[in-house]
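Please open the model in a viewer and keep the sequence panel visible. The tour below proceeds by selection, one stop at a time.

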Amino acid sequence: MPPSVQAGEMTHAIFRVARLHRMLAGQLLRRVGLHPGQELVMMQLWDLGPQRQADLVRLLGSDAATMTRTIKRLENAGFVRRRPSETDKRATIIEPTAASLALRKDVEQIWAELEDSVASRLGADEQDAAIQVLARIEDSLVEAVDRQAPLG
């Protein structure tokens with residue numbers, strides 16, 4: 001490990017794992033014409049049905065600008081369509097298209113492959129422990145982000 005990152009060994013490990021995980025996810029998702037993160041939007045739409053764009057932002061912990069770009073790309077690919085809400089003229093409803101529904105089994109298989117790549121060398125107890133540790137790390141990071149947020 002480079003001396004400059006020794007003060008943040010865990011941060012460096014998370015960075016390396018996250019980079020490789022995203023790289024593999026990208027390679028696998030490319031087979032169905034998706035980029036990392038887009039499959040999460042599609043999964044929400046498949047599982048929950050049409051959603052307000054603002055609700056997708058909240059469900060996925062995204063920001064509005066990123067979600068707008070993601071939805072635009074998915075729409076250009078023919079996987080979602082946007083329509084105005086019938087009950088709230090300020091809201092946009094995002095719904096999956098028939099073309100995206102044809103991808104569902106492929107995306108679920110890709111996620112199974114990704115999970116196998118992540119967990120194949122871990123026993124069931126180690127997987128459970130890793131999930132618990134990652135949840136605690138996530139909680140710590142959420143608190144840190146909240147502390148850093150400017151007071152509005």
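## The central strand pairing

Begin by selecting Gln51, which stands opposite Ile94 in β3. The model under inspection is a predicted one. Extend the selection to strand β1 (residues 51-52), which pairs with β3 in the antiparallel sense over two bridges.

Next, select Arg82, which also has Ile94 of β3 opposite to it. Show the whole of strand β2 (residues 80-84); an antiparallel pairing over five bridges joins β2 and β3.

Now colour strand β3 (residues 92-96) by accessibility. Is this strand enclosed by the rest of the structure or not, and how many of its residues are buried? Four of the five residues of β3 are buried, so the strand is largely enclosed by the rest of the structure.

## The largest pocket

Turn to the pockets and display the largest pocket, whose volume is about 1700 Å³. Its lining comprises 32 residues; select Ile14, Val17, Ala18, His21 and Leu134 to find those closest to the centre of this pocket. To see the secondary structure around the largest pocket, highlight α1 (9-30), α2 (38-48), α6 (104-119) and α7 (124-148), the elements that each contribute two or more residues to its lining.

Colouring the lining of the largest pocket by residue class gives 24 nonpolar, four polar and four charged residues.

## The second largest pocket

Move on to the second largest pocket, with a volume of about 210 Å³. Which residues lie nearest its centre? They are Pro36, Gly37, Gln38, Thr66 and Thr70, out of 14 lining residues. Show α2 and α4 (64-76) here, since these are the elements that give two or more residues to the lining of the second largest pocket. Helix α4 supplies the largest share, five residues.

Apply the class colouring to this second lining as well: five residues are nonpolar, seven are polar and two are charged.

## A last stop on helix α1

Finally, return to helix α1 and select Arg22, which is located there. Is Arg22 buried or exposed? Its relative accessible area is 52%, and exposed denotes a value over 50%; Arg22 is therefore exposed.

With Arg22 still selected, add Leu114 and draw a distance between the two C-alpha atoms. The separation is 9.9 Å, although Arg22 and Leu114 are 92 residues apart along the chain.

Definitions and conventions: Residues numbered from 1 in each chain as written. Predicted model: local features only at pLDDT ≥ 70, side-chain atom pairs only at ≥ 80, totals over all residues. Heavy atoms only, no water. 1 Å grid on protein atoms, 1.4 Å probe; cavity = no way out; pocket = protein on both sides within 12 Å on 5 of 7 lines; lining within 4 Å. Points joined across faces, edges and corners; volume = space filled by probe spheres on them. Nonpolar A, V, L, I, M, F, W, Y, C, P; charged D, E, K, R; others polar. Buried < 20%, exposed > 50% of the residue type's maximum accessible area, 1.4 Å probe, protein only. Pairing = 2+ DSSP bridges.
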